[in-house]
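Here are my notes on the charged pairs, as you asked. Have the model open while you read.

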Amino acid sequence: MPDYAKVFNYEAEGLSYTVSLYEENGEFFADISVVEGAMDVNAVYFGDDDFSGDSASLDGPLNMNGTRLEGDKIQWDDAAALSDPGLGPEGEDKETYLSDGDTLTVSLDVDSLEDIDIFGVRATSTTTDAGSIKGVSTDPEEPEVPEEPEDPTYSKIFFGEEFSDTGAPLGGTYILDEEPDPNPYNNIALPEGTEPTFENYLSYFDTDEVYGEVTSIESIIFYGDGADGEPEELFRIDAPEGGFQDADEVLMAYDDALEGLSASGDESGQELMAALSLEPDAESDAGASEEAAMDEDELDMV
């Protein structure tokens, strides 16, 4: 479903519908959806809230003559014919005939949806007493567009190449979200100012500065800041049989892991996804990171 920018409503005895406007690939459209009743949509009209100047009109039964808004004659900026009145041999199969739950998409010749403050529908074969309407809708709703969810961030990630029988890290590369100060053990950290998302960790791992090899990864461990400020393991993803072939395959495995956590009915999985959706603590304990880094120094830092 597209993100609707404006939604007009129309209600009459025996008929109600919505007109939802949106932009897609630089073009503008209206979805006309019948909520109750039925109608044959023959033409649409639209314009801004300035009623000065000449009004667009269509000939004959497609006109909107006599329509008014709060006593003022409406000046339409544009109009588009969609079909001739009458269902004809097609009957209710006619493309512009809509009943409960049906939607008709109409292309709009406008430069911006901001130019549309009022919308008109000329329809016949309606379920109203008159059998036709010159529907006028104004004061559209403007639904809020949902924000794109932020990518989870991590305090450090371990790209593991060797593990014990119990799964403890033995060899590989730790990358921290930011470099400890001081950094006596020369621990690897993301470049200053880099957002600590997995994609950024993976890109940095695969650079000449780190010399990481994606094909050597056995498992990847994701860490976040625990309640006591110490890094704690959140989850891990394992390489498939034969190993990861490239970075794209790693990212696909990561996306699958997040989807699995999100869909999991397990309480711990739901709590983890909730934690990953939170903003990282801007005042993370640098001392804790340094202490953890000392333990990591024994690992093979590629």
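The points below go through the salt bridges one pair at a time.

1. First, a caveat and a count. This is a predicted model, and it comes out with 3 salt bridges. As background, side chains of opposite charge can pair when their charged atoms come close.

2. Start with Lys6 and Asp117, whose side chains meet in a salt bridge at 3.7 Å, N to O. Lys6 sits in strand β1 (residues 6-12), while Asp117 is in the loop between β9 (103-108) and β10 (118-124), so this pair ties together parts that lie 111 residues apart in sequence.

3. How exposed are the two partners? Lys6 has 3% relative accessibility, so it counts as buried, the cut-off being under 20%. Asp117, at 21%, counts as partly exposed.

4. Next look at Lys94, which makes a salt bridge with Asp40; their closest N and O atoms are 2.8 Å apart. This is another link between distant parts of the chain: Lys94 belongs to the loop between β7 (78-81) and β8 (97-99), Asp40 to strand β4 (residues 38-47), and 54 residues separate them. Buried or exposed? Both Lys94 and Asp40 are buried.

5. Last comes the Arg236 and Glu233 salt bridge, with 2.9 Å between the closest N and O atoms. Arg236 is partly exposed at 30% relative accessibility, and Glu233 is partly exposed as well, at 38%.

6. If you're clicking through the pairs, put burial next to distance: Lys94 and Asp40 are buried with 2.8 Å between their closest N and O atoms, whereas buried Lys6 reaches partly exposed Asp117 at 3.7 Å.

Technical notes:
Residues numbered from 1 in each chain as written. Predicted model: local features only at pLDDT ≥ 70, side-chain atom pairs only at ≥ 80, totals over all residues. Heavy atoms only, no water. Salt bridge = Lys/Arg side-chain N within 4 Å of Asp/Glu carboxyl O. Helix = DSSP H or I, 4+ residues; strand = E, 2+ residues; numbered from the N terminus. Buried < 20%, exposed > 50% of the residue type's maximum accessible area, 1.4 Å probe, protein only.
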